[in-house]
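Work through the exercises below with the structure open. Each task is followed by a solution in steps.

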Amino acid sequence: MIELTLTELAAWSISVAMVLVVFFEWISRWSNGNAERRSLRRRVQCRLCLQVHEEEGRERIFRCPHCGAENEKGRNRSLG
Ligand SMILES: [Zn+2]
């Protein structure tokens, strides 16, 4: 049996609680960052009317629902 004084028990409890808080904070930031990156990847800005839309499909060409212009997703913006 491990023998602890009350002070040691309190110190251990506080330490464990602090580690847990840091751990859950890290998990929360990590999952928020993932959600934001996923959202940014889907976001497409129309080159013609500059409206921003979220596009779920996998096609490289995206037709703007507002003005009907064709836009290319991703970094390569050679279209138009
Ligand atoms: Zn547009």
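**Exercise 1: a loop residue**

Locate L50 and decide whether L50 is buried or exposed.

Solution. L50 lies in the loop that runs between strand 1 and strand 2. The model is a predicted one. Next, count neighbours: L50 has 10 C-beta neighbours inside 10 Å. A residue with 12 or fewer counts as exposed, so L50 is exposed. Finally, look at the backbone: phi of L50 is near 65°, a positive value in a residue other than glycine.

**Exercise 2: a strand residue**

Place H53 in the secondary structure, classify its exposure and list the residues that H53 touches beyond four places in sequence.

Solution. H53 belongs to strand 2, residues 52–54. Within 10 Å of H53 there are 15 other C-beta atoms. Burial needs 20 or more and exposure 12 or fewer, so H53 is partly exposed. Leaving aside residues up to four places away in sequence, H53 touches V44, C64 and P65. For a distance check, take R38, which is 15 residues from H53 along the chain; their C-alpha atoms are separated by 14 Å.

**Exercise 3: the helix**

Compare the span of helix 1 with the expected span, and state how many of its residues are buried.

Solution. Helix 1 covers residues 6–42, which is 37 residues. From first C-alpha to last, helix 1 reaches 54 Å, close to the 54 Å expected at 1.5 Å a residue. The count of buried residues in helix 1 is zero, so the helix is hardly covered.

**Exercise 4: the whole chain**

Give the order of the elements, then decide whether the protein is more spread out than a compact globule or not.

Solution. The protein has one helix and four strands, in the order α-β-β-β-β along the sequence. Its radius of gyration is 25 Å, well over the 12 Å that the globule rule gives for 80 residues, so the protein is more spread out than a compact globule. Along the principal axes, the C-alpha atoms fill a box of roughly 75 × 20 × 20 Å. Of the 80 residues, 0% count as buried. Among contacts between residues at least 6 apart in sequence, 12% join residues at least 24 apart.

**Exercise 5: confidence**

Which element has the lowest confidence, and which the highest?

Solution. Start with the average: the mean pLDDT of the protein is 87, and 92% of residues reach 70 or more. By element, strand 1 (residues 43–45) is lowest at a mean of 85, and helix 1 is highest at 94. Where pLDDT is low, predicted coordinates should not be read in detail.

Technical notes
Residues numbered from 1 in each chain as written. Predicted model: local features only at pLDDT ≥ 70, side-chain atom pairs only at ≥ 80, totals over all residues. Helix = DSSP H or I, 4+ residues; strand = E, 2+ residues; numbered from the N terminus. Expected span 1.5 Å × (residues − 1). Rg over C-alpha atoms; globule rule 2.2 N^0.38 Å. Contact = placed C-beta atoms within 7 Å. pLDDT = per-residue confidence, 0-100.
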